[in-house]
Amino acid sequence: VGMHFNGTVKSTAIDVECNNVIGGCIGFVYNGVTGDMHSAGNVLDEESGSTYDYNAYGGVVGRYYVGLITDSDSTSTVIGQNYCGGIIGDLLEVDCKNCHYNGNKISGLNSVGGLIGCDCVTTITDCSVNCEFVRGRLCVGGFLGSSSPAKVNNCYAIISDKVIADIETDYDIPGYVGGFVGYSCGDMSDCKVTVGGVETTGSYAGGFSGSLYGEPDVKYSVKNCSCEVGSVTSGYGAGGFSGSIDYITVLNCKAKVNGNIVTTTYDPNIEADFTRSYNGGFAATTGYQTVIAFCSTEFDSVICDGYNYAGGFAGSSWYSNLSNCYAKGNVVRCAVIGGGLIGSGTLYLNNCYTTVKVESEGSTVGEIIGYLYRPGEPHSCFSLGKNGSINTVGDTNSVYGELYKEPNGYMPSSDWGSHPWSEDVWNLDTGSTPNLPTLKENPPFNISDYPCPDPY
């Protein structure tokens, strides 16, 4: 199939409940095989609609159910309501291969993505986005808005300005915004994003993802993914890599934030949960049955306002396993509970280090963990944050193993090697000053070696 479009498709419907389905080339495809489609026009519907309308807007196809789409591209500006994407607005049981969006902007309400707004039970391979900005209200991503479940491999996004979730309605507050994906349940590998900034006035923002979520009995994973972002800002829950991570395994992933990771307390009169905020160099929160290994984050500062939990790696971590990870940054600044690696939680924390200095107005502050709940058991973790007299753990009702602080911010390679740090995982002598171990590419991994604490 070969198809080209250069013009404007515009909805002028007065009834915003009419469920518009608009595509630059095709509105709706069911059980199809399509390819070689190219759109250079615009897809516009600027009527203000409900976040629950079943609309769909795509630069190439509005809604695509069952089939295959290949070798297609778009430079269209897409402005719609729900399910907005540079290539496809809404995707179900479709293989998407070698499709590319190189346009200006994507804007909508719910499930807005640079390539695809919403995808379900799909496989996406060798696709890319290069645009100025993506904006919406809920589930907004530079590449995917929402994804559940899907397999995404070898894809990238470059967003020169920002990915933003700030459009408020009478129904909900905004949130779940990520440089690559807003909300994801599924497998991802070898994906990366470069983005000027990620922002929401509501909940959960991350340089790569707003939320990574699995299922208790399904072992989804995110592997070999990375983000480079100017800054991450959220009303509640900001992370250098992801806002929240639950029921999923994250391996060999990297976050680099050239500026700050910031949460600002949301108005507690709107939603009670927002009286607390979480902020972390890698993730704002990690939850049940989450394993994070061989991951790193680098940032300037983590800044958390209000009643909060802040950490150089994670703001809070509950019933998770974090092993062989590190956080490099200048400072974690918080008002209540803060740690060089973890703000608070119940977790297994092994063979991790931080260079972050912790500054807090509160008393629950630790060089490694602010508050450790039973049955958390950290072992062989190091702080090189030059925190003076601050303890490794601020407060605890648990027991913990060997935790170390190096007040000069330096430790010889021989000292790293004298602890149980595997040379299969770490480059222990980097030849730099100060000597800070780096992670090797794709170290061996067996999930049975990374148990999580039992919440019961």
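**Entry 1: E359 and R333**

I looked up E359 first and found that it forms a salt bridge with R333, with the closest N and O atoms 3.2 Å apart; a salt bridge here is a side-chain nitrogen of Lys or Arg within 4 Å of a carboxyl oxygen of Asp or Glu. This pair links distant parts of the chain, since E359 is in strand β48 (residues 357-360) and R333 is in strand β44 (residues 331-334), 26 residues apart. Strands (E, at least two residues) are DSSP runs, numbered from the N terminus. I then checked how covered the two partners are: E359 is partly exposed with a relative accessible area of 31%, and R333 is partly exposed at 36%. I noted the cut-offs beside this: buried means under 20% relative accessible area, exposed means over 50%, and partly exposed lies in between, with a 1.4 Å probe and protein chains only.

I must keep in mind that this is a predicted model, in which local features need pLDDT of at least 70 and side-chain atom pairs count only at pLDDT 80 or more, while totals for chains, interfaces and linings use all residues. Residues are numbered from 1 along each chain as its sequence is written, and side-chain values use heavy atoms, with hydrogens and water left out.

**Entry 2: the other salt bridges**

By the rule above, I counted six salt bridges. One of them joins the side chains of D90 and R63, at 2.8 Å from N to O. D90 lies in strand β12 (residues 88-97) and R63 in strand β8 (residues 61-70), so this pair ties together parts that are 27 residues apart in sequence. Is D90 buried or exposed? D90 counts as buried at 5% relative accessibility, and R63 is buried as well, with a relative accessible area of 4%.

I also looked at D187 and K151, whose side chains meet in a salt bridge of 3.1 Å, N to O. D187 lies in strand β24 (residues 181-189) and K151 in strand β21 (residues 144-153), so the pair ties together parts 36 residues apart in sequence. K151 counts as partly exposed, at 48% relative accessibility.

**Entry 3: around D90 and strand β8**

Leaving aside residues up to four places away in sequence, I listed what D90 touches, and found R63 among its contacts, together with Y54, A56, G62, Y64, Y65, Y83 and C118; contact means heavy atoms within 4.5 Å. I then turned to β8, which is mostly covered, with seven of its 10 residues buried. Which strands pair with β8? Strand β4 (residues 26-35) pairs with β8 in the parallel sense over eight bridges, and eight bridges also join β8 to β12, again running parallel. Two strands pair if DSSP finds at least two bridges between them. For single positions, I noted that G67 in β8 is the bridge partner of G32, and that L68 stands opposite D95 in β12.

**Entry 4: I124 and the cores**

I found I124 in strand β17 (residues 122-125), where it counts as buried at 0% relative accessibility. Its contacts, not counting residues up to four places away in sequence, include C96, L115, F143 and K151. The C-alpha atoms of I124 and C99, 25 residues apart along the chain, are separated by 9.0 Å.

Last, I looked up the nonpolar cores, each being a set of buried Ala, Val, Leu, Ile, Met, Phe, Trp, Tyr and Cys residues joined through side-chain atoms within 4.5 Å. The largest has 89 residues, and those with the most contacts inside it are F143, F180, V250 and F282. A second, separate core of 15 residues includes Y326, L428, L436 and Y450.

Definitions and conventions: Helices (H or I, at least four residues) and strands (E, at least two) are DSSP runs, numbered from the N terminus.
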